[in-house]
Structures are given as C-alpha cells and as structure tokens.
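Here are some notes to read alongside the model. Take the points one at a time and find each residue on screen as you go.

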Amino acid sequence: MYLFDFGNSNFEKNYFVTNWHLDVSCPLHAHYSMETVYVRDGSLIMQVGDSKRVIHAGECTFIMPFEPHSFETPKNSHCLVTEFSPEIVPDFYGMAKDKTLAIGVCTLSPSVKKMCDEMLPLSIPSGEAIEAKAAVYPICAEIMKKCGFKSQKMQYGGTVFTEAIQFIMKNFQNRDVSLSAAARALGVHHVYLSRAFSEKCHMTYTRYVNSVRASYARILLSKKEKNISQIALDSGFGSIRNFNREFKRVYGITPNECLGQIIR
C-alpha cells in the first residue's frame, strides 16, 4: 500500500468528476484524486498496489491519492467512477491518511446506491465544493463504516522510492524529470532507482510520471480555460503526440475526446 502526504501539491483543491463506464478497461495508473468505484452490474477486477480486488454488483471500493491501480472487466460491467481531491472531504482524509483499508470491498446500502444512481451522474462543476461534498460524503461514510481503516506505517517511508515520488510531485511539470535527473537529485544510480521504483510500484518510473501528468492534464481540461497545446505543455509533456498517446493509455480516450465529453 502506498500512502503519502501530498497536501502541498498544486493540484486543483476542489476537483470533482464522476462518470459511468461500460466494460471499463484501464492500465495501471495513479493520480492526485481520491477515487471510489461502484459497480452497478456485472463485476470488475482492480489491481490496487500489489493486491487484487474483485468488485461485484452493488459493491464499492476506495483508492487513496497516488495509489497505483488498474481496471479489468472479466465479462461485463457497468460502474461509476468518482474522483475527487482530498480537500473535498478533509475530515475523511484526515482519518484515512497513512492508513489502509481493513476490508478492500464493501456492499453499499440501498440509500447510497440510490444516491449513486440519481445524484452522482449529475454534472457538478469543478470548484463547486458544497455539491461535491454532498455527493461523496455518504460514500465515504459507508467506506468508514463497512471497510474501515487499519493503521499502517509507510512501508517505504524514508526510502528512495518515496523520495522519487516526492521528486516527481515537485517537478513533473518540467520536461527534465527523467529517471537520470531523479537519480542525480537523489544521489543514487539510475539502475538502482529504476529497480526500486518498479518493485515497489509495479510500474516503470516513466509510466508513473506520465500517469501523474495525465491526471493533472485532465484537471486542466475540466477547467476549460486553456487549449490542448497549452495543457500539454503545462502538464510537462514535450509534444502533443506524446500527450495524446499517454492520456489515451491512462483514460482510454484522447484529450480532445475528453474535452468533448466535458463540453457536452
């Protein structure tokens, strides 16, 4: 389990986005947002850190900020994925921070399921914190009640892995945030850093960097204040081509397609 305090990062503090997905499939990625995944029909397999969670109809799970995770649908699934910044639910985040789920998956109560069906699909603009809190706090309360959290020391606290994560968070918007640059900054050999990162995170250093960049780009897209080219640069991507490729790898759609969904 990879839990870190990134409260000083410059990501959108009231970020909130929710979408229904049919037969979702998404490669391993990570982002600043907390995330809940509710399966209405079918089933979903999630790789979370180094553990696997199977979520059946009526069940929900929860992802901490920057926790690597992926989606896979065995046959079919209809699920609701909700992402929101920790600042949306500060009380909940304060209790969950530096802990891990005692139970990875829980069954939602009928009232919370109804809320997911009727309230969460509504468009809530990023920054409308009151509406977002009303939508996600019931799910957070359900997670606390049925899954619970158990204390766990940062398994990799003080290691080169956590230092690499901190380096990424401070520098991902710069183009020179390569493995070699990180190794120089941390005073270790790049081969050692690459091995340590892959073993702890189960994804390469470069893939993690691009996942963080894609997550930040998605937040900028939701604000609708900049064009695609500027968002690519502001997120640390060196080219539109690389931005399109990495964004689609993480989210399954291109930045333009994502922007089109937001506008509609």
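**Notes on the model**

1. Let us begin at the end of a helix. Gly 252 comes right after helix 9, and its phi is positive, near 80 degrees. Keep in mind as you look that this is a predicted model.

2. Now step back into helix 9 itself. How far apart are the end C-alpha atoms of helix 9? They are 16 Å apart, and this agrees with expectation because twelve residues at 1.5 Å a residue should span 16 Å. The buried residues of helix 9 are Asn 242, Phe 243, Glu 246, Phe 247, Arg 249, Val 250 and Tyr 251. Notice that charged residues can appear in such a list: Glu 246 and Arg 249 are both buried here.

3. One residue of helix 9 makes a good contrast. Lys 248 lies in this helix, and is it buried or partly exposed? Its relative accessibility is 44%, so Lys 248 counts as partly exposed, a class that runs from 20% to 50%. Leaving out residues up to four places away in sequence, Lys 248 touches Ile 253 and Thr 254. The C-alpha atom of Lys 248 is also 9.5 Å from that of Cys 258, which is ten residues away along the chain.

4. Helix 5 offers another glycine to look at. Gly 187 follows helix 5 and has a positive phi, near 70 degrees. Within helix 5, the buried residues are Leu 179, Ala 181, Ala 182 and Ala 183.

5. A positive phi turns up in a residue other than glycine too. Asp 23 has a phi near 45 degrees. You will find Asp 23 in the loop between strand 1 (16–22) and strand 2 (26–29). With a relative accessible area of 44%, Asp 23 is partly exposed.

6. Next, see how two helices meet. Helix 4 (residues 160–171) packs against helix 5 (residues 179–186) at an angle of about 115 degrees, and their axes are 10 Å apart. The crossing of helix 4 and helix 5 is right-handed. Helix 4 brings Val 160, Glu 163, Ala 164 and Phe 167 to the contact, while helix 5 brings Ala 181, Ala 182, Ala 185 and Leu 186. What kinds of residue make up this contact? Seven are nonpolar, one is charged and none is polar.

7. Stay with helix 4 for a moment. Its twelve residues should span 16 Å at 1.5 Å a residue, and its end C-alpha atoms are indeed 16 Å apart. The buried residues of helix 4 are Val 160, Phe 161, Thr 162, Ala 164, Ile 165, Phe 167, Ile 168 and Met 169.

8. These helices also contribute to something wider. The largest nonpolar core has 39 residues, and those with the most contacts inside it are Ile 168, Phe 197, Tyr 205, Tyr 208, Phe 243 and Phe 247. Among the elements that give two or more residues to this core are helix 4, helix 5, helix 7 (205–223) and helix 9 (240–251). Which helix gives the most? Helix 7 does, with nine residues. Another core, of 28 residues, lies apart from this one, and its members include Ile 88, Cys 106, Leu 120 and Cys 147.

9. Two buried residues elsewhere are worth finding. Phe 84 is in strand 7 (residues 77–84) and counts as buried, because its relative accessibility is 0%. Leaving aside neighbours within four places in sequence, Phe 84 is in contact with several residues, including Tyr 15, Phe 62, Val 89 and Cys 140. The C-alpha atoms of Phe 84 and Tyr 32 are 8.6 Å apart, although 52 residues separate the two along the chain. The other residue, Ser 109, sits in the loop between strand 9 (106–107) and helix 2 (110–118). At 17% relative accessibility Ser 109 is buried, because the cut-off is under 20%. With neighbours within four places left aside, Ser 109 is in contact with Glu 142 and Lys 146.

10. Finally, look at the whole chain. How many helices and strands does the protein chain have? There are ten helices and ten strands. Of its 264 residues, 53% are buried. Among contacts between residues at least 6 apart in sequence, 75% join residues at least 24 apart.

How values were computed. Residues are numbered from 1 along each chain as its sequence is written. This is a predicted model: local features need pLDDT of at least 70, side-chain atom pairs count only at pLDDT 80 or more; totals for chains, interfaces and linings use all residues. Side-chain values use heavy atoms; hydrogens and water are left out. Axes are lines fitted to C-alpha atoms, for helices over the stretch in contact, and angles run from 0 to 180 degrees between N-to-C directions. Helices (H or I, at least four residues) and strands (E, at least two) are DSSP runs, numbered from the N terminus. A crossing is left-handed if the near helix is turned anticlockwise from the far one by less than a right angle, and right-handed if clockwise. Contact means heavy atoms within 4.5 Å. The expected span of a helix is 1.5 Å times one less than its number of residues. Buried means under 20% relative accessible area, exposed over 50%, partly exposed in between (1.4 Å probe, protein chains only). A nonpolar core is a set of buried Ala, Val, Leu, Ile, Met, Phe, Trp, Tyr and Cys residues joined through side-chain atoms within 4.5 Å.
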